[in-house]
Amino acid sequence: GSIREEGKYPDPPAGPAALDGTRTHALLEELITGGKDGAGRAPLRAPQMLVGTTRTDEYGTYTIDQDRLDRLNVAIDYIRAHPNACKAIAEQRVYPDGLVGRGDLDGTVDCQIPGDPYEVIDYKDGMAPVEVVWNPQLTQYALGVLSALDPDTYPKMVRLTVIHPKLATRGTEPITSWD
């Protein structure tokens, strides 16, 4: 009953930090897919000419600053250095149902790079550190990715990666992986 009652009320608006992260994720997707047309090219480095430009989304208008561009390029440089960068898939919804026997789990993978290991990447834009080892969100994403594959094509290994550029300001490694 409480779920039904909650449905009557709209979700509260996102806070400034969440909104900033949403916008950075949207730009990351655009760069991974090769632009708004989704041309499927290898990830391109965020061009310097984006600094100072304004974008409009469903939440309003914002300006791309150097800090956002630098954060994006940490992720893009990592993805672009991958041997299968041209196969990178951005913002794909995954459903681990078939592997876990539950129909109430799903999520959107920020980036995945097919291969062996098959890499599942989560981009974090906040300041709170996120542990990659046995990370529940990334593990669920990996199971969702695997459930969409033909079992005959399963990779021998899955690599979970967190790209967290703001951690570099604290002297912490901004990219961590776990196989």
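Visitor: Why is the meeting of the side chains of arginine 80 and aspartate 77 called a salt bridge?

Guide: Good place to start! This is a predicted model, and in it the N to O distance between the two side chains is 3.3 Å. The cut-off is within 4 Å, for a nitrogen of Lys or Arg and a carboxyl oxygen of Asp or Glu. The pair at 3.3 Å therefore passes the test.

Visitor: Where do arginine 80 and aspartate 77 lie?

Guide: Both are in helix H3, three residues apart, which is about one turn of the helix. In an α-helix there are 3.6 residues a turn, so residues three or four places apart point the same way.

Visitor: What makes arginine 80 partly exposed?

Guide: Its relative accessible area is 40%. Partly exposed covers the range between the buried limit, under 20%, and the exposed limit, over 50%, so arginine 80 at 40% belongs there. Aspartate 77, at 28%, is partly exposed too.

Visitor: How do you know that aspartate 20 and arginine 71 link distant parts of the chain?

Guide: Look at their places in the sequence. Aspartate 20 sits in helix H2 (residues 16-33) and arginine 71 in helix H3 (residues 66-80), with their positions 51 residues apart. Their side chains nevertheless meet in a salt bridge at 3.3 Å, N to O.

Visitor: Are these two residues buried or partly exposed, and why?

Guide: One of each. Aspartate 20 has 22% relative accessible area, so it is partly exposed. Arginine 71 has 5% relative accessibility, and therefore counts as buried, the limit being under 20%.

Visitor: Which residues are linked in a network of salt bridges?

Guide: The network joins Asp20, Asp67, Arg68, Arg71 and Asp125. The structure holds 10 salt bridges. Another one pairs lysine 124 with aspartate 122, with 2.9 Å between the closest N and O atoms, and both of these residues are buried.

Visitor: Why is arginine 23 called buried?

Guide: Arginine 23 has a relative accessible area of 9%. Buried means under 20%, so the label fits arginine 23. This residue is in helix H2, and beyond its sequence neighbours within four places, it is in contact with Asp57, Tyr59, Gly60, Thr61, Tyr62 and Arg68.

Visitor: What do the buried residues of H2 pack against?

Guide: Their partners are H3 together with strands S1 (54-57), S2 (60-63), S3 (89-94), S4 (107-113) and S5 (118-123). The buried residues of H2 include Leu27, Leu28 and Leu31. Those three leucines are among the contacts of leucine 72, a residue of helix H3. Leucine 72 has 1% relative accessibility, so it counts as buried. The C-alpha atoms of leucine 72 and leucine 27 are 7.9 Å apart, although 45 residues separate them along the chain.

Visitor: How do you know that the protein chain is as compact as a globular protein of that length?

Guide: First, its make-up: five helices and seven strands. The radius of gyration is 17 Å, and the globule rule gives 16 Å for 179 residues; the two values are close, so the chain is as compact as a globular protein of that length. Of the 179 residues, 36% count as buried.

Conventions:
Residues numbered from 1 in each chain as written. Predicted model: local features only at pLDDT ≥ 70, side-chain atom pairs only at ≥ 80, totals over all residues. Heavy atoms only, no water. Helix = DSSP H or I, 4+ residues; strand = E, 2+ residues; numbered from the N terminus. Buried < 20%, exposed > 50% of the residue type's maximum accessible area, 1.4 Å probe, protein only. Contact = heavy atoms within 4.5 Å. Rg over C-alpha atoms; globule rule 2.2 N^0.38 Å.
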